[in-house]
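Thanks for coming. I will keep this short and go from the whole chain down to two residues.

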Amino acid sequence: MKELCKTLFCMLFVSSSMAAYAYDFEVGGLCYNITSEKKKLVEVTYQSKFSEENYQSEIISVPKRVTYNDSTYHVIGVGEFAFVGCAKLDSVALGDSVFSIGDYAFANCSRLRAVKFSSSLRSIGTCAFTGCTSLQTLKVPTSVIKIGNAAFSECSHLAEISLSGSVNYIGDYLFGGCGRLHTVNIPEDVSYIGMEAFSGCKSLRSVKIPEGVTSIGDYAFSSCAGMKRVELPSTIKYIGNYAYNACSKLDSIAIDEGVTHIGDYAFHGCHKLKKIVSKNLEAPVCYGNTFIDVDQDECLVSVPEGAGQAYKSAAQWGNFSNIKESSFDDEDDEEDY
C-alpha cells in the first residue's frame, strides 16, 4: 500500500507539473488560487511543487479571508500539495472557513507536530498527512464526513487519534504504518474498514469495532503485533484475506452470528490463538489457509448449542480437535469478552 501513495503522487505530480509555479496571487506569505471569482473563493496552494522550494515557515496560520486588489476572498480550502515536503513546518492552524484539505496537502512534513483543524472542515484528502512523522495526537472535528485513503499513513509517532461520528468508512491504508498508534475510536456510522487500514499498527492491543460495520478489508489489521483480542459485532458479514495476518500475540477471537465468510490466511501467523468464539449456528465459510499456523489441537472453538456437529463437518472448522457447544450465558464463556 505504500506504493499506492507513491503512484498517486506521481500521477498527480505529472498531471499538474505544467503549473509547478502557478498561483493567482500571494498575500501574507501564502499563495492562493481563485476557485470562484464570482463568489470570491480561494484555496491555499504551493509556492513550488518541488519540496525544497516550498514554504519555509515553521508556523502557518491559514486565515478566513484575504484581500487582494481591493477584493476580499473567502479561504475555503487547502489545495493538493499545498505544503508538501515543508521540512521546517512545526504547526498549522486552519481558519474556520476552510472546508477541505486536498490530496498530499501536508505530505512528508516531517517536523509537523500540531494541527488545529477548522470547525467547518468537511473532507481530508488522499495521503493528506502521510509521512508526518512528528505528529503524536490528532482530533478530527465532528464536521468531517470524508477522509481519503492513506490520509494518516506512515505517521510513525502518531499514538492517538479521535475521529468524528460523521465519518462513515475507514479508508484503505488510512493508518497503515502508524507503529505507535495505541488508541483510536471508530465512529458509530462506519460501515466498513478498508484494506490495510491498520496494517503495521504494532502498538494496538484491541480495537472496538462498532455495530454497523459489515466488512473488514484484506490485510486490515495485518502485522498488528500487539493485538491480543478481537471482538466483532453482529453486523460483520465478511472478514477479508489476511485480515489479522501476523498478529503474533492474538489469543482470542469473538465472532458474532452475522459472520458468513472468513478470508484466506485471515489468521495466518496467529501462533498464540487459544480461543475462538463463534455465535453463528452455521459455520462461516473458510478457506484452506484461513487458520494456518493456529494450533488446531490446542485452540478451543466455542459454538452455539446444537451447532457442534455442523462445525465438525465444515471445511477447515473440522480440523479443530476441541469444538465445544455453549449457551454463551456462562461467565466462564464470556469472561474474556
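I will start with overall numbers, then take one sheet, then two loop positions.

What you have in front of you is a predicted model, so please treat every value as computed from it. The protein chain contains three helices and 24 strands. Its C-alpha atoms fill a box of roughly 80 × 30 × 30 Å along the principal axes. There are 337 residues, and 49% of them count as buried. The exposed area comes to about 14,800 Å², with carbon and sulfur atoms supplying 47% of that. If you take the contacts between residues at least 6 apart in sequence, 39% of them join residues at least 24 apart.

On charge, the count is 29 positive side chains and 41 negative ones. The centres of those two sets lie 8 Å apart.

Now the sheet. Three strands make up an open sheet, ordered β11-β13-β15, with parallel pairing. At the edges are β11, residues 137-139, and β15, residues 183-184, each of which pairs on one side only. Strand β13 covers residues 160-162 and is joined to β15 by two bridges. To put residues on that, Glu160 has Thr183 in β15 as its bridge partner.

If we follow the chain out of β11, we get to the first of the two loop positions. Ser143 sits in the loop between β11 and β12, the latter being residues 146-147. Is Ser143 buried or exposed? Its relative accessibility is 15%, so Ser143 counts as buried; the cut-off for that is under 20%. What does its side chain reach? The answer is the backbone oxygen of Leu121, at 2.5 Å. Beyond its neighbours within four places in sequence, Ser143 contacts Ser118, Ser119, Ser120, Leu121 and Arg122.

The second position is Asn54, in the loop that runs between β3 (41-45) and β4 (59-62). Asn54 counts as buried because its relative accessibility is 1%. Its side chain reaches the backbone nitrogen of Gln47 at 3.1 Å. Gln47 is also one of its contacts outside the neighbours within four places in sequence, along with Tyr46 and Ser48. That list also includes Phe81, Ala82, Phe83, Val84 and Cys86. For Val84, the separation from Asn54 is 30 residues in sequence, while the C-alpha atoms are 7.6 Å apart in space.

To recap the two loop positions: the side chain of Ser143 reaches a backbone oxygen, and that of Asn54 reaches a backbone nitrogen.

Technical notes:
Residues are numbered from 1 along each chain as its sequence is written. This is a predicted model: local features need pLDDT of at least 70, side-chain atom pairs count only at pLDDT 80 or more; totals for chains, interfaces and linings use all residues. Side-chain values use heavy atoms; hydrogens and water are left out. Helices (H or I, at least four residues) and strands (E, at least two) are DSSP runs, numbered from the N terminus. Buried means under 20% relative accessible area, exposed over 50%, partly exposed in between (1.4 Å probe, protein chains only). Contact means heavy atoms within 4.5 Å. Accessible areas come from the Shrake-Rupley method with a 1.4 Å probe; for residues, only the protein chains shown count as cover. Lys and Arg count as positive and Asp and Glu as negative; His and the chain ends are not counted. The place of a charge is taken as NZ of Lys, CZ of Arg, CG of Asp or CD of Glu. Two strands pair if DSSP finds at least two bridges between them. A polar contact is a pair of N or O atoms within 3.5 Å; within protein, one must be able to donate a hydrogen and the other to accept it, and residues adjacent in sequence count only if both atoms are side-chain atoms.
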